Amino acid sequence: MTFTVAIDGPAAAGKGTLSRAVAAHFGFAHLDTGALYRAVGVKGGDPVEAARSLAPEDLARDDLRTLEAGQAASRVAVIPEVRQALLEFQRAFARRAGGAVLDGRDIGTVICPEAEVKLFVTASPEVRAHRRWLEVGGDEGKVLAEVRERDARDMNRADAPLKPAADAVILDTSALSIEEAVARAITLIAAARG
Ligand code: CDP
C-alpha cells in the first residue's frame with residue numbers, strides 16, 4: 001500500500017510536530033524535507049555538489065535546527081540544481097510501501113502532486129515566531145525577523161515557491177493547540193483513506 005500525506009507551510013508553522021504525530025498515529029514513515037535543505041546549507045562549499053553527495057551523517061548533525069541553518073537552507077533552496085538533486089529521493093520516499101508523511105514547502109505542489117492528502121499548515125508570523133523562540137531561545141524580535149525574511153525568500157523564489165496546492169486543505173493553527181491540530185489532521189486523513 002502506498003499513501004502519501006503532503007504537509008507544507010511557512011517557517012515554524014508546526015509542520016514537524018504535526019507530521020510526527022500523524023505518522024505515529026497511522027504507522028507511516030516521516031521525512032522532514034527541510035532537514036535536507038538545512039544539511040546542504042550548513043555543509044558549506046558548492047551547494048549543488050553538497051546536495052548531490054548528501055549522506056546520512058550530514059542529516060545527523062546537531063546544528064541543523066539553529067536560526068543560522070534555517071537561513072542557510074532557504075538560500076540554497078532557491079537554486080534549481082539543488083532542488084533537482086533532492087527530488088528523486090523525496091519522491092521515492094513518498095511512494096514507499098506502508099505510507100509516508102513528508103513535510104516541507106513544495107510537497108503538494110512539486111514533489112507529490114498526486115498525494116492522497118495535502119495539508120497547508122499556517123499561523124500568524126507572531127504566533128510562529130513565538131513557537132520557534134520557545135524552541136531556540138534568544139531574542140524573540142530577532143526570531144520574528146528571521147521567520148519573516150525566510151518566508152519572503154521562500155514565497156518569492158522562481159523555482160517551487162511556497163504556496164498551497166490548489167487542492168490543499170488549509171489548517172490555520174494560530175488559535176489551535178497541537179492536540180487540536182493533530183486531531184483535525186487525523187480526521188482528514190482517516191476520511192481520505194476510506
Ligand atoms: O522548521 P521550519 O519550518 O522553520 O523550516 P524547515 O522546514 O526545516 O525548512 C528550512 C528551509 O528549507 C525553508 O525555509 C526553505 O527555504 C527550505 N525548504 C524548501 O525549500 N523546500 C522544502 N520542501 C523544505 C524546506
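**Exercise 1. The pair Asp58 and Lys43**

Task: State whether Asp58 is buried or exposed, then find which residue shares a salt bridge with Asp58.

Solution.
Step 1. The relative accessible area of Asp58 is 9%, and Asp58 is therefore buried (buried means under 20% relative accessible area, exposed over 50%, partly exposed in between, with a 1.4 Å probe and protein chains only). The model is predicted: local features need pLDDT of at least 70, side-chain atom pairs count only at pLDDT 80 or more, and totals for chains, interfaces and linings use all residues. Residues are numbered from 1 along each chain as its sequence is written, and side-chain values use heavy atoms, with hydrogens and water left out.

Step 2. The side chain of Asp58 forms a salt bridge with that of Lys43, at 3.1 Å from N to O (a salt bridge is a side-chain nitrogen of Lys or Arg within 4 Å of a carboxyl oxygen of Asp or Glu). This pair links distant parts of the chain, with Asp58 in helix α4 (residues 56-59) and Lys43 in helix α2, 15 residues apart. Helices (H or I, at least four residues) and strands (E, at least two) are DSSP runs, numbered from the N terminus.

Step 3. Lys43 has a relative accessible area of 33% and is partly exposed. Apart from residues up to four places away in sequence, Lys43 touches Ala50, Ser53, Leu54, Asp58 and Arg61 (contact means heavy atoms within 4.5 Å). The C-alpha atom of Lys43 is separated by 31 Å from that of Ala97, 54 residues apart along the chain.

**Exercise 2. Helix α2, its ends and its crossing**

Task: List the buried residues of helix α2, describe what caps its N-terminal end, and give the angle at which α2 and α5 cross.

Solution.
Step 1. Helix α2 covers residues 33-43, and its buried residues are Thr33, Ala35, Leu36, Tyr37, Arg38, Ala39 and Val40.

Step 2. The N-terminal end of α2 is capped by Asp32, with a side-chain oxygen 3.1 Å from the backbone nitrogen of Gly34. After α2 comes Gly44, with a positive phi near 80 degrees.

Step 3. The axes of α2 and helix α5 (residues 67-76) come within 7 Å and cross at roughly 95 degrees. Axes are lines fitted to C-alpha atoms, for helices over the stretch in contact, and angles run from 0 to 180 degrees between N-to-C directions. The two helices α2 and α5 are therefore roughly perpendicular (angles under 35 degrees count as roughly parallel, over 145 as roughly antiparallel, 65 to 115 as roughly perpendicular and the rest as oblique).

Step 4. From α2 the contact takes Tyr37, Arg38, Val40, Gly41 and Val42, and from α5 Ala69, Gly70, Ala72, Ala73 and Val76. The residues of this α2 and α5 contact are seven nonpolar, two polar and one charged (Ala, Val, Leu, Ile, Met, Phe, Trp, Tyr, Cys and Pro count as nonpolar, Asp, Glu, Lys and Arg as charged, and the others, Gly among them, as polar).

**Exercise 3. The surroundings of Arg105**

Task: Locate Arg105, decide whether Arg105 is buried or exposed, and name the side chain with which Arg105 makes a polar contact.

Solution.
Step 1. Arg105 sits in the loop between β3 (100-104) and α7 (107-111). Its relative accessibility is 14%, so Arg105 counts as buried.

Step 2. The side chain of Arg105 makes a polar contact of 3.2 Å with the side chain of Asp154. A polar contact is a pair of N or O atoms within 3.5 Å; within protein, one must be able to donate a hydrogen and the other to accept it, and residues adjacent in sequence count only if both atoms are side-chain atoms. A polar atom of the Arg105 side chain also lies 3.4 Å from the backbone oxygen of Gly9.

Step 3. Residues up to four places away in sequence aside, Arg105 touches several residues, including Asp8, Pro10, Lys15, Asp154 and Arg157.

Step 4. Asp154 also forms a salt bridge with Arg157, with the closest N and O atoms 3.5 Å apart. Asp154 is buried at 3% relative accessibility, and Arg157 is buried at 8%.

**Exercise 4. A bridge within one helix, and the total**

Task: Give the helix that holds Arg153 and Glu149 and the count of salt bridges.

Solution.
Step 1. Both Arg153 and Glu149 lie in helix α9 (residues 140-156), four residues apart, about one turn of the helix.

Step 2. Their salt bridge has its closest N and O atoms 3.0 Å apart. Glu149 is partly exposed, at a relative accessible area of 40%.

Step 3. The count comes to 13 salt bridges.
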